[in-house]
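Colleague: I have a model open and want to learn how to read it. Can we go feature by feature?

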Amino acid sequence: MERIEHRACFGGWQDVYRHESATLDCTMNFAVYQPPQAEDGARLPVLYWLSGLTCSEQNFITKAGAQRYAAEHGIVVVAPDTSPRGEDVADDAGYDLGQGAGFYLNATREPWARHYRMRDYLVDELSALIEANFPVNDARAISGHSMGGHGALTLALANPGRYRSVSAFSPIVAPSQVPWGQKAFSAYLGDDLAAWRQYDAVELVKTSDGKLPLLIDQGGDDEFLDGQLRPQLLQAACEAAGHPLTLRLRPGYDHSYYFIASFIGEHFAHHAAALKQEC
């Protein structure tokens, strides 16, 4: 593990690290913000942020303004890349498949299966790396945007008890039913619809045992709202399953980081309340 960026920010440090991932069989970057409370020797809760299509670890740490709220609440923030990277990693000419578009799943079809195992990377390898090398405890939260919102919801629903809280901005809630998800799932997973269901939040809430409350903010003027995001599908599934959901439609806001930056503080407050509860 090599630190490649180190910047003071709101009394803490915004760093970026590079490491060789055994799970993904390539070199990966991830960002870590350590708030000022980390210098006191305390072990702090950690929030994992998953970014959207075309993004890397850089988008969130440079655009969301999250460090201010992480410092306020004493939360370590980890922002991984969105896919495996490298010259020998399979890719596609489209922005919505391949590098930058890992969809936080474990691919089973070639040429993707060798590298595209983002679910295992996040749940097993990266979290173990963070917990072994940074001042964090076992109180975890997860959040994300768009494709990353899909990742946050599905990782939390598929791993009950692992995360104390989950939230999302403009998530792809039903990838099995929208073009972005159908393209990615067909490529990465093939035609096995049972495999698709384990990466679909609408399907997962139907059988979820944990009933972890879901918090979602959605821009009312998001250009992808009706075609790709369709939060009403998750709302209906949660109502049918009795799964707690707070869905807030924000008039005038779009799909951009202007939207995320406007409400990221509220999401940190949501996570801080859950992370600091005694279990």
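Colleague: Is strand 3 mostly covered or mostly open?

Modeller: Start with the terms. Strands (E, at least two residues) and helices (H or I, at least four residues) are DSSP runs, numbered from the N terminus. Buried means under 20% relative accessible area, exposed means over 50%, and partly exposed lies in between, with a 1.4 Å probe and protein chains only. Here, strand 3 is mostly covered, with eight of its nine residues buried.

Colleague: What should I keep in mind about the source?

Modeller: This is a predicted model: local features need pLDDT of at least 70, side-chain atom pairs count only at pLDDT 80 or more, and totals for chains, interfaces and linings use all residues. Residues are numbered from 1 along each chain as its sequence is written, and side-chain values use heavy atoms, with hydrogens and water left out.

Colleague: Which strands does strand 3 pair with, and in what sense?

Modeller: Two strands pair if DSSP finds at least two bridges between them. Strand 2 and strand 3 run antiparallel, joined by nine bridges. Q14 has Y33 in strand 3 as its bridge partner. Strand 3 also pairs with strand 5, again antiparallel, over four bridges. There Y33 stands opposite V77.

Colleague: What links strand 2 to strand 3?

Modeller: They form a hairpin with four residues between them. Look at D25 in that turn: its phi is positive, about 55 degrees. Most residues other than glycine have a negative phi, and most peptide bonds are trans. D25 counts as partly exposed because its relative accessibility is 36%.

Colleague: Where else is there a positive phi outside glycine?

Modeller: At Y104, with phi near 55 degrees. Y104 sits in the loop between strand 5 and helix 3. It counts as buried because its relative accessible area is 0%.

Colleague: Which peptide bond is cis?

Modeller: The one joining E110 and P111, where omega is about 5 degrees. P111 is in the loop between strand 5 and helix 3.

Colleague: Where does S83 lie, and what does its side chain reach?

Modeller: S83 lies in the loop between strand 5 and helix 3. S83 counts as buried because its relative accessibility is 0%. Its side chain reaches the backbone nitrogen of G100 at 2.7 Å. That is a polar contact: a pair of N or O atoms within 3.5 Å; within protein, one must be able to donate a hydrogen and the other to accept it, and residues adjacent in sequence count only if both atoms are side-chain atoms. Contact in general means heavy atoms within 4.5 Å. Leaving aside neighbours within four places in sequence, the contacts of S83 include M28, Y116 and M118.

Colleague: How do the strands fit into a sheet, and what is their order?

Modeller: Nine strands make an open sheet in the order 1-2-3-5-4-6-7-8-9, with mixed pairing. The edges are strand 1 (2-9) and strand 9 (245-250), each pairing on one side only. Neighbouring strands are turned by 20 degrees against each other on average, direction ignored. For a parallel pair, take strand 7 (residues 165-169) and strand 8 (residues 214-219), with four bridges. F169 stands opposite D217 in strand 8.

Colleague: Which helices lie across these strands?

Modeller: Axes are lines fitted to C-alpha atoms, for helices over the stretch in contact, and angles run from 0 to 180 degrees between N-to-C directions. Helix 3 (residues 118-133) lies across several strands, including strand 3, to which it runs at about 55 degrees. Helix 4 (residues 147-158) runs at about 135 degrees to strand 6, one of the strands it lies across.

Colleague: How many residues are in the largest nonpolar core?

Modeller: A nonpolar core is a set of buried Ala, Val, Leu, Ile, Met, Phe, Trp, Tyr and Cys residues joined through side-chain atoms within 4.5 Å. The largest has 67 residues; F30, F103 and I130 are among those with the most contacts inside it. Helix 3 gives the most to this core, with seven residues. Apart from it lies another core of 27 residues, among them Y69 and F169.

Colleague: How many disulfides are there, and why?

Modeller: A disulfide is a pair of cysteine sulfur atoms within 2.5 Å. The count is zero. The sulfur of C9 is too far for a bond, because its closest cysteine sulfur, in C55, is 19 Å away. For C26 the closest is also in C55, at 18 Å, too far for a bond.
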